[in-house]
Amino acid sequence: MAPELVSAAAPPAGIKAGGIKAGGIKAGGVRTVFTGDVINGKKVVSSLNTDDLEPGRKHLLYFQGVQMSTGQYWYVSVIVAKGIRPGKRFTLTSGVHGDEMSSVHTVQTIMGRLKPAEMTGTVMAVLDIARPAVESMQRRWPSMGRGLELTDMNREWPGNEQGIGAASRQAGLVFNRLLRPNTDLAIDFHTGTTGIDAAAFHIGDMRIPEVKTMMLLYAVPLIWDNPVYPSVLHNAFIKAGIPCFTPEIGPARRLDLDMIPLFVDGTLNVLKHYGVIPGPIGRTAIDANVLIGQNVYTVVSSQGGFIEWLVKITDNVRAGQKLAIQRNAFGEVLAEYTSPVQGRISALRSDATSEPGNVLAFILSTSAPSSGAVPYAE
């Protein structure tokens, strides 16, 4: 089907109905501070104003983040492609969750395609924001507050430089000194989490005109038209007046080299649309027969045991359709799971076993559920 034209209530505060409100503070409000350190030949900054960088080239930097328990710092990898003319300032982020490898590879690939001598504006990539989580390839930020603690950094934004916990402070430093001052529009790349295989899809609030425009420039087949919870990074951008959404690029922990090109090409479409790079627009959501749903419903395990799937990711399902069988170690059937709604499978549990209470499936839907199920809201 063709992309659904979504009508909705007024956009969130900070976003004009007809276009972009100036994002946060202008770059001139923050100055570039070089710490004097050089790591692997790359200079370290503790704050950045991309206006200070030489145009017509790429700049590879480290951003000095929060301290470790030894007093050393966590450093974040930053690439800035500075065009020869001023224009829109885009920021591409990845690595907010440490097990999401395809998001990092997507941003690396996009930056490799850019030619600053042909660009108008600036594209900044921030590749490994939750650095200790990336190092251990796990979803959550590990810290030693009261023994080992694991913090989901994508519930910490916009962070607090003086907050409780290293993840909150890292979010505050990155957002205040790197992201917000240098951004007009942003895209925060993610994947499914460990134990969940996911389809190619977007999450974003289509009441915001620029978010809707950007998402529909990708040949991605599923869009969850929903702002989701307030503490994710894309909503911190939006609260600061910077349109942003979240692409989801398949499964965690590995590179999905079949799916990544969809998101590379879509991002290049966005940059072409806003005049940052030259060239014709390629395939878009219309070509992908996109389904736009306002709700995602979950199927949750009632038992512990082995899961046998009867459906695949992106299958269309009807309400009441059997999705999975669960068995114990003797092979006895403990539970059978059905869809609460008509929709399309957007993610399935990939681990062969499940404890009670784990999410087994996510179903994107435009329909009301038949069983009284409520939309997913973590």
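Of the chain's 378 residues, 54% count as buried. The model is predicted. The chain holds six helices and 22 strands. Its radius of gyration is 21 Å, close to the 21 Å that the globule rule gives for 378 residues, so the chain is as compact as a globular protein of that length.

**Overall dimensions and surface**

- Along the principal axes, the C-alpha atoms fill a box of roughly 65 × 50 × 35 Å.
- The exposed area of the chain is about 15800 Å². Carbon and sulfur atoms supply 52% of that area.
- The chain carries 35 positive and 32 negative charges. The mean positions of the two sets are 6 Å apart.
- Among contacts with a separation of 6 or more, 68% join residues 24 or more positions apart.

**Nonpolar cores**

- In soluble globular proteins, nonpolar side chains tend to be buried together.
- The largest nonpolar core has 43 residues. Phe90, Met111, Leu114 and Val123 touch the most other members.
- Strands and helices both give two or more residues to this core. The strands are E4 (73-82), E5 (85-93), E6 (120-126), E9 (185-188) and E13 (244-249). The helices are H1 (101-113), H4 (209-215) and H6 (260-273).
- Helix H6 gives the most to this core, with six residues.
- A second, separate core has 33 residues, including Phe63, Ala130, Val174 and Ala186.
- Which residues does Leu114 contact, leaving aside neighbours within four places in sequence? They are Lys58, Ala81, Met119, Val123, Leu268, Leu271 and Ile277.

**A buried threonine**

- Thr93 lies in strand E5.
- Thr93 has a relative accessible area of 0%, so it is buried.
- Not counting residues up to four places away in sequence, Thr93 touches Val107, Val126, Ile129 and Leu179. Ile187, Asp188, Phe189 and Leu233 are also among the residues it touches.

**An exposed loop residue**

- Asn40 sits in the loop between strand E1 (33-39) and strand E2 (42-47).
- Is Asn40 buried or exposed? Asn40 has a relative accessible area of 64% and the cut-off for exposed is over 50%, so this residue is exposed.
- Asn40 and Thr314 are 274 residues apart in sequence. In space, their C-alpha atoms are 43 Å apart.

Terms used. Residues are numbered from 1 along each chain as its sequence is written. This is a predicted model: local features need pLDDT of at least 70, side-chain atom pairs count only at pLDDT 80 or more; totals for chains, interfaces and linings use all residues. Side-chain values use heavy atoms; hydrogens and water are left out. A nonpolar core is a set of buried Ala, Val, Leu, Ile, Met, Phe, Trp, Tyr and Cys residues joined through side-chain atoms within 4.5 Å. Buried means under 20% relative accessible area, exposed over 50%, partly exposed in between (1.4 Å probe, protein chains only). Helices (H or I, at least four residues) and strands (E, at least two) are DSSP runs, numbered from the N terminus. Contact means heavy atoms within 4.5 Å. The radius of gyration is taken over C-alpha atoms; the globule rule is 2.2 Å times the number of residues to the power 0.38. Accessible areas come from the Shrake-Rupley method with a 1.4 Å probe; for residues, only the protein chains shown count as cover. Lys and Arg count as positive and Asp and Glu as negative; His and the chain ends are not counted. The place of a charge is taken as NZ of Lys, CZ of Arg, CG of Asp or CD of Glu.
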